[in-house]
Amino acid sequence: MAKTEGFFELQDIRKEYALRRGLLQRLRGGAPRVAAVDGVSLSIERGAIFGLVGESGCGKSTLAQIIVRLIEPTAGKVVYRGADVARLKAEEQRTFRHAVQMVFQDTGSSLNPRKRIRRVLAEALAARSVTGAAAEGEIASLMHQVGLDAMLLRRFPHELSGGQRQRVGIARALAMKPEVLVADEPVSALDVSLQGQIINLLSDLNRELGLTIILISHDLAVVARVCTQIAVMNAGKIVERGAPRQVLFHPTDPYTRMLIASVPRGLAGRSRRQGLGPAAVDGAAAPEDERQAAAD
Amino acid sequence: MNRLRRLVHFFGGPAGFAGGCIAGLLLLSSIFAPLVAPYDPLAVNILDKLLEPDETHWMGTDQSGRDVLSRVIWGSRASLAVAGFAVVIGVTFGVAIGLFATWVRGGWLEQAIMRVLEAVSSIPLLIWAIALVGIFGVRDVQWGPLTISSELKLMVLLGLLYIPTLARLTYISALAEVASNYVAARRLQGVGELRILFSDVLPNCLSPVIVQATLMLAIGIIVEAAVSFVGLGVQPPTPSWGNMLSNGRNYLISGEWWLSVFPGAAISLTVVAFNLLGDGLRDRFDPRHSTTMGYAT
C-alpha cells in the first residue's frame with residue numbers, strides 16, 4: 001500500500017518500549033514491551049499541510065519524534081525523497097536534519113533560558129554556516145517573517161509571552177531553511193486567542209514558502225481548518241485518513257466519530273471561528289480581528 | 001552611587017554583596033597576614049601566657065603566650081587553603097564526572113559510575129581520614145620529588161569526598177536539561193552531542209553546583225578542625241582555626257574563653273559570608289532574575 005515514489009513516506013513504522021521492571025528482568029530481555037506506534041504507514045505530499053489527530057497518549061508525539069529522527073523506530077522505514085533516511089551517508093544525514101525541523105508544544109522549555117533571542121537564531125544559522133553580516137540580515141528577515149518586532153532580539157525567553165516564544169520557535173526552525181516542518185501541538189499550550197494567530201502563521205508559511213507542514217494536534221477543529229489531508233490516530237495506529245471534509249462528514253471509523261462528537265459545538269464563538277462549519281473546513285481566511293491582533 | 005548599585009547587582013543583591021565584601025576582606029587579610037598581624041604567630045612568650053584580651057593583645061594570648069589575633073589571621077591561610085582547594089578539586093572532577101555520566105547515559109557505564117559514587121559517599125569522612133592516616137602515617141610522605149604534607153593529604157581527601165555529591169548534582173540537573181526541547185532543537189540543527197553538553201546543558205546545571213560549593217567551603221573549614229585530632233590537616237605549631245579551636249577546648253572550663261571564641265567567631269563569619277555569597281551568585285547567574293533593562297529586585 002506504500003507508494004514507491006513519494007516526497008515523505010512512513011512505511012510500517014513501529015516503536016516499542018520496554019516496560020520498566022526490575023534490573024534482572026530487563027537484562028534478560030524478559031520485560032514486557034508496549035508499542036507506542038504500531039505499524040503506521042503514511043505518505044505526505046510536497047507542499048501539503050498534513051494533519052495528524054488523536055487524543056493524548058495515542059503515540060502521535062512519538063511519531064513526530066520519529067519523523068524528525070530524534071528517536072529511531074524499532075521497525076519500519078522513513079523515506080524522504082525516495083531514500084531510506086536510516087541509510088543516508090553522513091553528508092546526506094546533515095541535509096536531512098536541516099530539511100526536517102520541528103516546532104514544540106511546550107514554549108517554556110523549547111528555548112534555552114540563558115540565551116537571548118538573537119543568540120538562539122544566530123546559533124541556528126551558524127549550524128548552517130551562516131555567520132556575520134549575512135546572519136544579521138537573515139535574523140532580521142526571520143523575525144519579520146514570523147511577525148515579531150526586532151526589539152525582542154535583545155530579550156531573554158522569560159521576558160516573552162507564550163505566543164511570542166512560539167513564534168521564535170518557528171523562526172528558529174525556519175532558520176534551517178527546512179522543507180518539512182513538524183508542529184507537535186503548536187498551540188495547545190496557548191490561549192485560544194493566540195491559537196488562531198499561530199495556525200494562520202503556519203498556513204501563511206505553507207503558502208508563501210511551499211513548506212510542507214505536519215500539524216499534530218488533539219484538536220480536530222484546529223486541524224480541520226487548515227489541513228489538506230488528515231489522518232486520525234488511535235492507540236498507535238492510523239484508523240482513518242483522507243480529506244478533512246470527507247473524514248469529518250463521513251467518518252467510517254467509530255473512534256473518529258467519537259472524536260468528532262467530543263468537539264464542543266455549543267460554544268458559539270468557537271464553532272464560528274474554529275468550529276466544524278463548512279467555511280472552516282474550506283480554510284477560509286481568518287477573521288479580521290485576528291489579523292489585527294497579530295500585528296501588535 | 002550608580003556604580004555601587006551595579007556592584008550590588010553583580011553579587012545578586014545586598015546580602016550577596018555583604019558576603020562578597022566579608023569574603024574579600026578575609027582573603028586579603030590572609031594573603032597579607034605578615035603585614036596585618038601585630039605579632040609573630042609562633043613567638044612563644046611564657047611570661048605573657050593566658051592573658052585576657054586588652055589593648056596590647058586584642059584577642060588575648062594562649063598557653064604559650066602567643067598572640068591569638070595574630071594566630072587567627074595567620075590561621076585563615078591554612079583554613080581557607082584547605083577548604084578552597086578541596087572545593088576546587090571537588091567541583092572540577094565532580095562536574096566532569098557528572099557530565100560524563102550524562103553523556104554515556106543509558107549504558108552500563110552510567111550505572112557503574114553512579115554506583116561507585118554512591119559507595120564512596122556512603123562511608124563517613126572520619127573513617128576515610130583514619131584509614132588514610134593508617135596507610136600514610138601522620139608525617140609528611142616523600143613521593144619522588146613531591147612532599148605530601150599532612151595538609152595536602154587532607155585537601156585531596158576532602159576534595160575526593162566532595163566529588164560524589166557534586167557529580168550527582170550535576171548529573172541530575174544535566175539529565176533534566178538533556179530531555180528538554182531546546183536541546184532537541186539543537187540536535188535537529190545537527191549540533192554534536194558533546195558540544196550541546198558543554199554549550200547548552202552545562203551552564204544550566206551550574207546554579208545548584210555553585211550553592212553546594214559555597215556550603216562545602218564552609219564545611220571544609222569545620223572538618224579541618226575535626227580531623228586534626230587523628231593527625232590529618234594542619235599540625236601544631238602552625239595555626240589553623242581548626243587546631244586553635246580544638247586547643248581552646250581544653251581551657252573552656254578553666255575560664256580562658258578567648259582561646260575558643262575568637263577562632264570560632266572567625267569560622268562562623270567565614271561560613272556566613274560564603275553562604276551569602278553563594279546565594280547571591282546563584283541569583284545572579286539565573287537569567288530569570290535578570291531582564292534586559294537591569295536586574296529584577
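## A tour of the two-chain model

Begin by selecting Leu132(B), which lies in helix α6 (residues 125–136) of chain B. Bear in mind from this point on that what is on screen is a predicted model. Is Leu132(B) buried or exposed? Because its relative accessibility is 17%, and buried means under 20%, Leu132(B) counts as buried. If you show its surroundings and set aside the neighbours within four places in sequence, the residues in contact with Leu132(B) are Gly137(B), Lys153(B), Leu157(B) and Leu232(B). Add Pro34(B) to the selection: 98 residues separate it from Leu132(B) along the chain, and the C-alpha atoms of the two stand 33 Å apart.

Next, select Arg66(B), found in the loop between α3 (33–36) and α4 (68–103) of chain B. Arg66(B) has a relative accessible area of 10% and is therefore buried. Beyond four places in sequence, its contacts include Pro41(B), Leu42(B), Ala43(B) and Val44(B), together with Gly60(B) and Thr61(B); Arg71(B) and Pro237(B) are also in contact with Arg66(B).

Now widen the view to the whole of chain B, whose C-alpha trace spans about 80 × 55 × 35 Å along its principal axes. The chain holds 11 helices and 2 strands, and, followed from the N terminus, its elements run α-α-α-α-α-α-β-β-α-α-α-α-α. Of its 297 residues, 46% count as buried, and among contacts in chain B with a separation of 6 or more, 69% are between residues 24 or more positions apart.

Colour chain B by pLDDT before going further. The mean is 85, with 95% of the residues at 70 or more. Among the elements of this chain, helix α8 (residues 181–188) of chain B has the highest mean pLDDT, 94, whereas strand β1 (residues 141–143) of chain B has the lowest, 74. Then select residues 293–297 of chain B, where pLDDT stays under 50 and the model has 6 contacts beyond four places in sequence. Where pLDDT is low, the predicted coordinates should not be read in detail.

Turn to chain A, in which there are 13 helices and 10 strands. This chain has 296 residues, 51% of which count as buried. Of the contacts in chain A between residues at least 6 apart in sequence, 70% join residues at least 24 apart.

Finally, display the two chains together; for the complex, the predictor gives an ipTM of 0.82 and a pTM of 0.79. How many residues of chain A are in contact with chain B? Select 27 residues on chain A and 23 residues on chain B to have the two sets that are in contact with each other. About 2200 Å² is buried between the chains, with carbon and sulfur atoms giving 53% of that area. Highlight Pro113(A), Arg114(A) and His158(A), since these three supply 26% of the area that chain A buries against chain B, more than any other three residues.

For the polar side of this interface, look for the 2 salt bridges that the rule finds across it, one of which can be shown by selecting Glu123(A) and Arg186(B), whose side chains meet at 3.7 Å, N to O. Between chain A and chain B, 9 residue pairs are in polar contact. On the side of chain A that touches chain B, the elements that give two or more residues are α3 (90–99), β6 (100–103) and α4 (117–127) of chain A. Coloured by class, that side of chain A has 10 nonpolar, 6 polar and 11 charged residues.

How values were computed
Residues numbered from 1 in each chain as written. Chains lettered and ligands numbered in written order. Heavy atoms only, no water. Helix = DSSP H or I, 4+ residues; strand = E, 2+ residues; numbered from the N terminus. Buried < 20%, exposed > 50% of the residue type's maximum accessible area, 1.4 Å probe, protein only. Contact = heavy atoms within 4.5 Å. Buried area = accessible area lost by both parts, 1.4 Å probe. Salt bridge = Lys/Arg side-chain N within 4 Å of Asp/Glu carboxyl O. Polar contact = N/O pair within 3.5 Å; in protein donor to acceptor, adjacent residues only side chain to side chain. Nonpolar A, V, L, I, M, F, W, Y, C, P; charged D, E, K, R; others polar. pLDDT = per-residue confidence, 0-100.
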